[in-house]
Amino acid sequence: MATRLLETGVELTVWNRSEGPAEELQRLGASVAAAPSAAADDAAVSITMLADDAAVQRVVAGPDGLFEGAARGTVVIDMSTVSPDTSRSLAARAPEGVDVLDAPVKGGPAKAAAGELKILVGGPEDAFERAGPILSHLGSSRHLGPNGAGAAAKVLNNYAVITLVSVMAEALALAEALGIERDAALEVLGGTPLAKTVEHQWPRASGASPASFPMRLAAKDLRLAVDAGRRAGRPLPIAEDAVARLDRALEAGLGDEDQARVVSVVIDG
């Protein structure tokens, strides 16, 4: 995403928790800041894309965080996949005159590089309009409502994506139990509502396509859905089973593999 912004001519200052990615972006023309607060200094828009809620809280609202460097009129856009509660909390803690948007994305690295992400946005509508030119470089964005709305939509989206991979895995296990050859089973599933899952996820599950969505992040994202359901008194047993399978894959050392590799955990037992 940062490379895409540089390619479109955006003046960019970056900070990363590990040095390697920041150094690569510096070679491409970005300035490198010593801390998030310094990265936010004089920036009209500050963007975060981090692994989990705790990291977002630290980088945005912690010591030397973005909020410390953000001036009145700045729009802070968190594009991470986090709990809607975290998004609302950040918005409530923002300095006076600083707006916060939650704007998680749909689409993997290839879509990010091409500027074709789908961006789900929650927050003040005027801040969304001010951030529009920057977001347009990254993809198409849709304003869904107040702070937390974008984060909630992403949790729902990933619930469907991740659990359907588990359903595909179970279907292939059933096919094996029934004595159906793998290619024939995939052809049959391609004519069912699982068709898109088979098309997009089986190549990653089988290793034919490179990883796009790490297992460790998928497990974290699906837990957001399970936790939200529990808090509302709406248990999600399908998601709970899928999380258990992802956890088995993590225990097997597959955390950095694509989440579709959970198929092997289900099929191989």
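Where does S80 lie? In this predicted model, S80 is found in the loop between strand 4 and helix 6. S80 is buried, because its relative accessible area is 2%, and buried means under 20%. Leaving aside neighbours within four places in sequence, S80 is in contact with T48, M49, L50, V56 and P104. S80 and D53 are 27 residues apart in sequence, while their C-alpha atoms are 8.3 Å apart in space.

**Strands 3 and 4**

Strand 4, which covers residues 75-78, is joined to strand 3 by four bridges, and the two strands run parallel. One of the pairings can be named residue by residue: S46 has V76 of strand 4 as its bridge partner. The side chains of strand 3 alternate along its length, with S46 and T48 pointing to one face, where they are buried, and V45 and I47 pointing to the other face, where they are not buried. T48, one of the two buried residues of this strand, is also among the residues in contact with S80.

**Helix 4 and helix 6**

Two packed helices are described by the angle between their axes and the distance between the axes. For helix 4 (residues 53-61) and helix 6 (residues 84-93), the axes come within 11 Å and cross at roughly 10°. Angles under 35 degrees count as roughly parallel, and helix 4 and helix 6 are therefore roughly parallel to each other. On the side of helix 4 the contact is made by D53, V56, Q57, V60 and A61, and on the side of helix 6 by T86, S89, L90 and R93. Sorted by class, this contact has four nonpolar, three polar and two charged residues. V56, which belongs to the helix 4 side of this contact, is also one of the residues in contact with S80.

Which residues of helix 6 are buried? They are P84, T86, S87 and L90. These residues cover an arc of only 160° around the axis, so they are on the same side of helix 6. What covers them includes helix 4, helix 5, strand 5 (99-102) and helix 9 (149-177).

After helix 6, A94 has its place in the loop between helix 6 and strand 5. A94 counts as buried because its relative accessibility is 16%. Neighbours within four places in sequence aside, A94 is in contact with F67 and V100. The C-alpha atoms of A94 and V76 are separated by 9.0 Å, although these residues are 18 residues apart along the chain.

**Loop residues and their accessibility**

The table sets out four loop residues with their places and their relative accessible areas.

| Residue | Loop | Relative accessible area |
|---|---|---|
| D42 | between helix 3 (36-40) and strand 3 (45-48) | 73%, exposed |
| D64 | between helix 4 and helix 5 (66-69) | 41%, partly exposed |
| S80 | between strand 4 and helix 6 | 2%, buried |
| A94 | between helix 6 and strand 5 | 16%, buried |

Two of these residues also deserve a look at their backbone. D42 has a positive phi of about 70° although it is not a glycine, and D64, which is likewise a residue other than glycine, has a positive phi near 65°.

**Strands 6, 7 and 8**

Strand 7 (residues 117-122) is mostly covered, since five of its six residues are buried. Strand 7 pairs with strand 6 (residues 105-106) in the antiparallel sense over two bridges, and in this pairing K106 has K118 of strand 7 as its bridge partner. Strand 7 is also joined to strand 8 (residues 139-145) by six bridges, and those two strands run parallel. In this second pairing, the bridge partner of I119 is S141 of strand 8.

**Helix 10**

In helix 10 (residues 182-189), the residues A185, L186 and L189 are buried. Seen down the axis of helix 10, these buried residues fall within an arc of 100°, so they line one face of the helix. The face turned away from this buried side carries the exposed residues D183, E187 and V188. What covers the buried residues of helix 10 includes helix 9 and helix 11 (195-205). Helix 9 is also among the elements that cover the buried residues of helix 6.

Note on methods:
Residues numbered from 1 in each chain as written. Predicted model: local features only at pLDDT ≥ 70, side-chain atom pairs only at ≥ 80, totals over all residues. Heavy atoms only, no water. Axes fitted to C-alpha atoms, helices over the stretch in contact; angles between N-to-C directions. Parallel < 35°, antiparallel > 145°, perpendicular 65-115°, else oblique. Contact = heavy atoms within 4.5 Å. Nonpolar A, V, L, I, M, F, W, Y, C, P; charged D, E, K, R; others polar. Buried < 20%, exposed > 50% of the residue type's maximum accessible area, 1.4 Å probe, protein only. Pairing = 2+ DSSP bridges. Arc of directions from axis to C-beta.
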